[in-house]
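Please work through the following exercises with the sequence and the model side by side. Each task is followed by a solution that goes step by step.

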Amino acid sequence: MAEISSMTGSSNRIINADRVNISIDITSVNNRFLEIYLKMPDQLRHLDSKLRSIIQEKLTRGKIDCYLSFALNATDSLNINQDVLHALANAVSQINKELPQSNVNALEILNYPGVISQESNLQEIIDEEILKHFSEAIDTLKENRKKEGIKLKDAITSRLDKIVELTKIVEAQLDKLVETERQRIVNKISTMDVNVNPERLEQEVALAAQRADVREEYDRLLAHVKEVKSILDKGGVCGKRLDFMMQEFNRESNTLASKASNLEITQVAVELKVLVEQMREQVQNIE
């Protein structure tokens, strides 16, 4: 049985590896689909497709914002390319002869391409570290989303239980509808001081009771409660299916409100609308 996952969560990691220090910051919010936004230095752009593949393998829905940065470990000794350095020094000497006021400092020289030589496989080492820890960061995000999912499931279940309590009020009214409508019509006629054919009265009572009959809505509400609990227990990626069920709940609450023939059922319809809206807000965050 799979767990329910929220689409809201975060994951932060700072890694101090042998050659590189890495910072990964990931946030996730609800979205109809899976949208991925990666912000990272140009030196890591070649990893874009691999990073996206990691997310797509592990997540299905949500807006995912990822921020990556890295810095080479400053404890490593610098390997200076002497040939490039000498050529650059000669060029700087000539510039100084022509432009005595020019100021070139050592840091500017070190930043010149090719002055500092790196290990031939340094980029490969950096890529490997980033991909490894990024995958772990997404796993952490998944776990955090599952923890939030447990809270969402509990919140929705508690409201489903309240809906069942409300249906008991409706159930108590089902067998009284005909008599309630009869009494309402009789009371209305008595104020008009007119004679009514008993058969016609029964016809009007039957029509009014039919219009006020909420037995189907009562049955469907209980069926919807059962179905939503089944979806929650089954777990997995079920947000869109739950959203559809909220639409069904909303339809029944509207019908119940339009058919309400007394204050009690009207109050039930109002409370039902509130509970459905609360559940809908929770469902919007489920993956």
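The exercises below concern a predicted model, and they move from the whole chain to its sheet, its helices and its salt bridges.

**Exercise 1. The chain as a whole**

Task: Find how many helices and strands the chain has, and state what percentage of its residues is buried.

Solution. Begin with the secondary structure, where the chain shows 9 helices and 6 strands. Next turn to burial: of the 287 residues in the chain, 34% are buried, where buried stands for a relative accessible area under 20%. Then consider the surface, since the accessible area of the chain is about 17300 Å², and carbon and sulfur atoms contribute 49% of that area. Finally, look at how the contacts are spread along the sequence: among contacts with a separation of 6 or more, 79% are between residues that lie 24 or more positions apart.

**Exercise 2. The order of the sheet**

Task: Work out in which order the 4 strands of the open sheet lie, and which of them are the edge strands.

Solution. The order across the open sheet is β1-β2-β4-β3, and its pairing is mixed. The edge strands are therefore β1 (residues 9-16) and β3 (residues 34-39), each of which pairs on one side only. From one strand to the next, the twist averages 10°.

**Exercise 3. Strand by strand**

Task: For each pair of neighbours in the sheet, decide whether the strands run parallel or antiparallel, beginning with β1 and β2, going on to β2 and β4, and ending with β3 and β4.

Solution. Take β1 and β2 to begin with: 8 bridges hold this pair in the antiparallel sense, a hairpin of 3 residues connects β1 to β2, and Ser11 stands opposite Ile26 in β2. Move on to β2 (residues 20-29) and β4 (residues 62-72), which are also joined in an antiparallel manner, here by 10 bridges. Two positions can be used to check this pairing on the model, for Asn21 stands opposite Ala71 in β4, while Ser28 has Ile64 of β4 as its bridge partner. The remaining pair, β3 and β4, runs parallel and is joined by 6 bridges, with Tyr37 standing opposite Asp65 in β4. To get from β3 to β4 the chain passes through α1, and this β-α-β crossover is left-handed.

**Exercise 4. Helices across the sheet**

Task: Determine which strands are crossed by helix α1 and which by helix α4.

Solution. Helix α1, made of residues 48-58, lies across β3 and β4, and its direction makes an angle of about 140° with β3. Helix α4, made of residues 122-174, lies across β1, β2, β3 and β4, and runs at about 30° to β2.

**Exercise 5. Salt bridges within helices**

Task: Explain why Lys146 and Glu143 are separated by about one helical turn, and then examine which residues pair with Lys168 and Arg220.

Solution. The chain has 17 salt bridges in total. In one of them Lys146 meets Glu143, with the closest N and O atoms 4.0 Å apart. These two are about one helical turn apart because Lys146 and Glu143 are 3 residues apart in helix α4. Glu143 counts as partly exposed because its relative accessibility is 42%.

The next step is Lys168, whose side chain forms a salt bridge with that of Glu165 at 3.3 Å from N to O. Lys168 and Glu165 are likewise 3 residues apart in helix α4, so about one helical turn separates them. Lys168 is partly exposed at 46% relative accessibility, and Glu165 is partly exposed at 45%.

The last step is Arg220, which forms a salt bridge with Glu216, the closest N and O atoms being 3.5 Å apart. Both residues lie in helix α7 (residues 215-234), where a spacing of 4 residues places them about one turn of the helix apart. Arg220, at 32% relative accessibility, is partly exposed, whereas Glu216 reaches 52% and so counts as exposed, the cut-off for exposed being over 50%. This pair also belongs to a network of salt bridges that links Glu216, Glu217, Arg220 and Glu252.

Note on methods. Residues are numbered from 1 along each chain as its sequence is written. This is a predicted model: local features need pLDDT of at least 70, side-chain atom pairs count only at pLDDT 80 or more; totals for chains, interfaces and linings use all residues. Side-chain values use heavy atoms; hydrogens and water are left out. Buried means under 20% relative accessible area, exposed over 50%, partly exposed in between (1.4 Å probe, protein chains only). Contact means heavy atoms within 4.5 Å. Accessible areas come from the Shrake-Rupley method with a 1.4 Å probe; for residues, only the protein chains shown count as cover. Axes are lines fitted to C-alpha atoms, for helices over the stretch in contact, and angles run from 0 to 180 degrees between N-to-C directions. A crossover is right-handed if, with the strands pointing away from the viewer, the path from the first strand over the helix to the second runs clockwise.
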